[in-house]
Amino acid sequence: MPVLAKFCRAAVVAAIFAAATGACAFAQQMTTPAQVAPAPDDASSGDGPVLQAAPLLSPELRGTEPPPLNDLSAEQAAPDLGDTNPVAAQPPQYGLPPPVSSTGHVINYGRRKLKKSQLYQLPQIKRPGQTLLPALAPYATAPGMRKRGNNPPAANLTDPGPTVAVIPTLPRPLRPKPDSAPFDPIGVDVGGLRLFPYVETDTGYDTNPNLLSVDVVPSAYIYGGAGMKVQSDWSQHSLTADLRGGYYDYFSVPTANRPNVSGTITGRVDVTRQTQINSQTTFSLSTEQPGSPILAIPNAVFVTNRPLYATVGQMLGVTEKFNRLSVSLSGAFTRYAFGDATQSDGTILELSLEDNNVYAIAGRLSYEVTPTLIPYLQVTGNHTQYDSAADVYGFDRTSNGIQAKAGTTYQVTPLITGDIAVGYENGVYVDYRLPVVSTPTVDASLIYTPTPLTTVTFAVATDVAQTTLADASAAIAHTFTLKVSHELLRNVTLSATGTYQINNYVGQPVTENYYSGLFEADYHMTRSILITGSYQYQRFISSEALTNYTDQVFLAGLKFQL
């Protein structure tokens with residue numbers, strides 16, 4: 001029995017050794033190409049064995065963790081090339097063969113794997129609450145992104161952390177703001193002033209050039225004029241001017257030819273932030289309106305031509321601001337000069353005897369309750385001194401007057417702004433035959449812009465005008481004006497103006513009613529070229545005989561401006 005047990009143990013050991021040896025030999029055959037034994041001279045007989053490569057094992061049968069095997073020596077692993085069958089001559093090897101990779105290379109579990117070389121990368125530091133930057137979006141002008149609607153939505157960029165590199169991006173340029181007045185002149189800069197010169201010419205047809213009730217002769221006419229506006233561009237002080245001059249030439253009625261000259265120059269000197277010196281210079285040259293009792297004498301005698309009159313005025317004042325309270329004091333001088341007139345009976349009316357000077361002093365007190373509500377109180381005293389002690393009718397029209405009014409500038413909404421003032425005016429004449437002028441006054445203006453393209457303006461004015469009518473001290477005129485302007489296109493503007501005026505003479509039962517309608521159209525070809533057209537209808541009705549008239553004026557013009 002002991003002998004049998006020893007024999008069994010020896011047989012088991014031999015069997016294990018034979019299995020391990022066979023496994024090693026099998027693995028070597030799998031990794032080395034098959035070798036064909038040298039054929040003898042009669043190799044063509046086909047008696048010798050032919051070796052073939054052993055088939056590969058499927059990847060599913062390969063072990064993931066093979067048991068450790070002792071490395072075989074090179075002598076044990078090398079086949080005997082001199083043997084006819086090298087496989088049979090190899091010593092037996094035991095154990096499982098190592099798995100074969102899919103690329104045909106053997107994975108050696110006993111040696112360290114060689115790692116592929118990798119580029120150095122910055123370490124990524126992850127902080128609590130840190131969000132990664134989104135992917136960059138292509139810019140708008142990149143190739144393939146020029147079609148409208150092809151750009152992806154802009155990414156919602158967040159502020160990255162201080163350790164995250166950010167690629168700088170160019171900000172998208174802002175769209176230019178639309179020009180509110182795309183066809184207004186640009187002007188010419190001269191030092192700190194910007195000049196807006198222009199020239200214009202008009203031609204038209206007037207049905208009653210002299211505004212007469214009898215002997216009406218219509219005529220075509222032409223008008224030529226030039227002008228210039230000035231606007232300062234200073235950080236302090238201010239200077240503005242509006243100068244114009246022209247002449248009307250009537251082809252069929254030369255007596256209706258007349259000049260039209262006017263100008264206003266306004267300046268402001270900022271002495272301090274609270275103190276300002278204000279100045280204004282005005283001048284005009286025009287003609288009196290014939291056919292009105294303002295230039296008439298009793299017995300229905302009226303003026304048939306257009307007598308010239310000229311005015312020159314200068315105002316100088318100072319304004320002091322005490323926080324929201326403003327106090328202004330100003331003085332003014334105005335010179336009136338008249339030309340002689342021809343009356344309907346052929347006599348000359350010496351209106352030059354009506355030349356006079358007007359001296360005025362005014363004080364104004366205003367308080368800014370809010371930027372849109374500024375009430376004020378204004379008192380004006382005046383003295384009118386005539387060159388002649390008596391006019392052609394023997395009246396001395398030298399007078400003293402005073403006017404007081406209280407009002408406010410207001411803004412009900414951003415669409416409604418205006419100014420309203422009520423007051424009282426009194427005038428006393430040196431000649432006792434002329435009655436005292438006492439009348440309430442109302443002056444108001446309202447600007448309503450229902451849309452950015454439409455503007456509605458309403459104005460009321462009260463004026464006390466001098467007259468040459470015998471036994472009448474003055475004419476009190478109340479004027480109501482309504483104007484609607486609409487931009488039909490960016491370069492086409494339409495406007496309509498309606499005017500009603502009533503004149504009441506103090507000392508004479510004379511009443512005048514004046515109606516006027518004006519329709520205008522402006523077409524801007526460019527900023528520098530403007531085409532204008534207008535139609536005006538006038539109707540004058542008076543209680544005096546032979547003074548009513550009707551007039552219609554058609555006009556088309558061209559204006560060049562810079």
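Mentor: Before we begin, a charge sits over a ring if NZ of Lys or CZ of Arg is within 6 Å of the ring centre and within 35 degrees of the ring normal. Please also keep in mind that the model we are reading is predicted.

Trainee: Which residue lies over the face of Tyr248, and at what distance from the ring centre?

Mentor: Start from the strands, where S5 and strand S6, residues 258-270, pair in the antiparallel sense over eleven bridges. Within S6, the bridge partner of Tyr248 is Arg258. That partner also lies over the face of the Tyr248 ring, so the answer, using the 6 Å cut-off for the ring centre, is Arg258 at 4.4 Å.

Trainee: Which residue lies over the face of Tyr376?

Mentor: Here too an arginine lies over the face of a tyrosine ring, and the distance from the ring centre is 3.9 Å. The residue over Tyr376 is Arg364.

Trainee: How many bridges join S4 to S5?

Mentor: These two strands form a hairpin with five residues between them, and in the turn His237 has a positive phi of about 65°. One of the pairings to look for is that of Gln231, whose bridge partner in S5 is Thr240. The strands run antiparallel, and the number of bridges that join them is eleven.

Trainee: How many aromatic pairs does a search of the whole structure find, and what is the angle between the planes of Tyr221 and Tyr250?

Mentor: The search of the whole structure finds nine aromatic pairs. In the pair formed by Tyr221 and Tyr250, the rings are 5.2 Å apart, centre to centre, and the pair is tilted. This pair links distant parts of the chain, with Tyr221 in strand S4 (residues 219-232) and Tyr250 in strand S5 (residues 238-250), 29 residues apart. The angle between the planes is 35°.

Trainee: Are Tyr221 and Tyr250 buried or exposed?

Mentor: Buried means under 20% relative accessible area, and Tyr221 has a relative accessibility of 2%. Tyr250 has a relative accessible area of 3%, and both tyrosines belong to one aromatic cluster with Tyr223 and Tyr248. Because their values fall under the 20% limit, Tyr221 and Tyr250 are buried.

Trainee: What kind of pair do Phe333 and Tyr359 form?

Mentor: Phe333 lies in strand S9 (residues 325-338) and Tyr359 in strand S12 (residues 356-367), so the pair ties together parts that are 26 residues apart in sequence. Phe333 is partly exposed at 33% relative accessibility, and Tyr359 is also partly exposed, at 41%. With the ring centres 5.4 Å apart and the planes at 45°, the pair is tilted.

Trainee: How many residues make up the largest nonpolar core?

Mentor: Among its members are Phe395, Tyr429, Leu434, Val437 and Ala474. Leaving aside neighbours within four places in sequence, Tyr429 is in contact with residues including Leu434, Val437 and Ala474. A second, separate core of seven residues includes Tyr221, Tyr248, Tyr250 and Ala256. The number of residues in the largest core is eight.

Trainee: Which residue has its backbone oxygen 3.3 Å from a polar atom of the side chain of Thr408?

Mentor: Thr408 lies in strand S14, residues 399-413, and is buried, with a relative accessible area of 17%. Not counting residues up to four places away in sequence, Thr408 touches Leu373, Ile374, Pro375, Tyr376, Gly418, Asp419 and Ile420. The backbone oxygen at 3.3 Å belongs to one of these, Ile374.

Methods:
Residues are numbered from 1 along each chain as its sequence is written. This is a predicted model: local features need pLDDT of at least 70, side-chain atom pairs count only at pLDDT 80 or more; totals for chains, interfaces and linings use all residues. Side-chain values use heavy atoms; hydrogens and water are left out. A nonpolar core is a set of buried Ala, Val, Leu, Ile, Met, Phe, Trp, Tyr and Cys residues joined through side-chain atoms within 4.5 Å. Buried means under 20% relative accessible area, exposed over 50%, partly exposed in between (1.4 Å probe, protein chains only). Contact means heavy atoms within 4.5 Å. Helices (H or I, at least four residues) and strands (E, at least two) are DSSP runs, numbered from the N terminus. A polar contact is a pair of N or O atoms within 3.5 Å; within protein, one must be able to donate a hydrogen and the other to accept it, and residues adjacent in sequence count only if both atoms are side-chain atoms. Rings of Phe, Tyr and Trp (its six-membered ring) pair if their centres lie within 6.5 Å; planes under 30 degrees apart count as stacked, over 60 as edge-to-face and the rest as tilted. Two strands pair if DSSP finds at least two bridges between them.
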